[in-house]
Amino acid sequence: YRRQRQMCIRDRYKRFGRREDEQRTKDQAIEWQVTLEQLYSGADIRFTLSKNIICSKCRGKGGDIGVCPHCKGSGYVTKLMQMGPMTMQMQTNCDQCGGQGSWIKKKCSLCGGRKVVSENKQLIAHVVKGMKDKDEVIFGQEAE
């Protein structure tokens, strides 16, 4: 019973908050060719990694955000459908805001409302002497 209770608490924590040891994104694998000489003697390989980062100007919001005037911030609209002598009431996602309840009034000048900007980063892969074929060099926190 105690073990089951501990697992439930851990599962709840995972659902509502990210633990410190969990990754934010999946790893990205990039393959490149190295010569046999580079594997035996070691080398430094420079390459450029392009990735999307959260826009620093709008902080990932996309611009000035306002309440959707169509659904008044609820994210859904009520539609009436006539079916013979009866009238049915149906709730659907708002077409204007896509069910968000908000929309971007004025798009950010840096990201254009996409919430992210592209960044090129120069990285160096250190090929250690004696590495084998298919060995990996891992760069922590460099994926999108």
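Colleague: Hi! How far is the sulfur of C94 from the closest cysteine sulfur?

Modeller: Hello! In this predicted model, the sulfur of C94 lies 3.7 Å from the one in C97. A disulfide needs the two sulfur atoms within 2.5 Å, so C94 and C97 are too far apart for a bond.

Colleague: Remind me, what is a disulfide?

Modeller: Sure, a disulfide is a covalent bond that joins the sulfur atoms of two cysteines.

Colleague: And how many disulfides does the count come to?

Modeller: Zero disulfides. C71 is in no disulfide either, and the nearest cysteine sulfur to C71 is that of C97, 3.8 Å away.

Colleague: Is C71 buried or exposed? What about C94, buried or exposed?

Modeller: C71 is buried, at 8% relative accessible area. C94 is buried too, at 3%.

Colleague: New topic! How many salt bridges does a search of the whole structure find?

Modeller: One salt bridge. K79 pairs with D95, and their closest N and O atoms are 3.9 Å apart. The pair links distant parts of the chain, 16 residues apart: K79 belongs to strand β3, while D95 sits in the loop between β4 and β5.

Colleague: How accessible is D95?

Modeller: D95 counts as exposed, with 60% relative accessibility. K79 is partly exposed, at 35%.

Colleague: Cool. Which residues make the nonpolar surface patch?

Modeller: M81, M83, M88 and M90 make that patch, about 350 Å² of it. Strands β3 and β4 each give two or more residues to the patch.

Colleague: Where is M88 placed?

Modeller: M88 is in strand β4. With a relative accessible area of 40%, M88 is partly exposed.

Conventions. Residues are numbered from 1 along each chain as its sequence is written. This is a predicted model: local features need pLDDT of at least 70, side-chain atom pairs count only at pLDDT 80 or more; totals for chains, interfaces and linings use all residues. Side-chain values use heavy atoms; hydrogens and water are left out. A salt bridge is a side-chain nitrogen of Lys or Arg within 4 Å of a carboxyl oxygen of Asp or Glu. Helices (H or I, at least four residues) and strands (E, at least two) are DSSP runs, numbered from the N terminus. Buried means under 20% relative accessible area, exposed over 50%, partly exposed in between (1.4 Å probe, protein chains only). Patches are made of residues with over 30% relative accessible area and no salt bridge: like charges are joined within 9 Å, nonpolar side chains (Val, Leu, Ile, Met, Phe, Trp, Tyr) within 5 Å. Accessible areas come from the Shrake-Rupley method with a 1.4 Å probe; for residues, only the protein chains shown count as cover.
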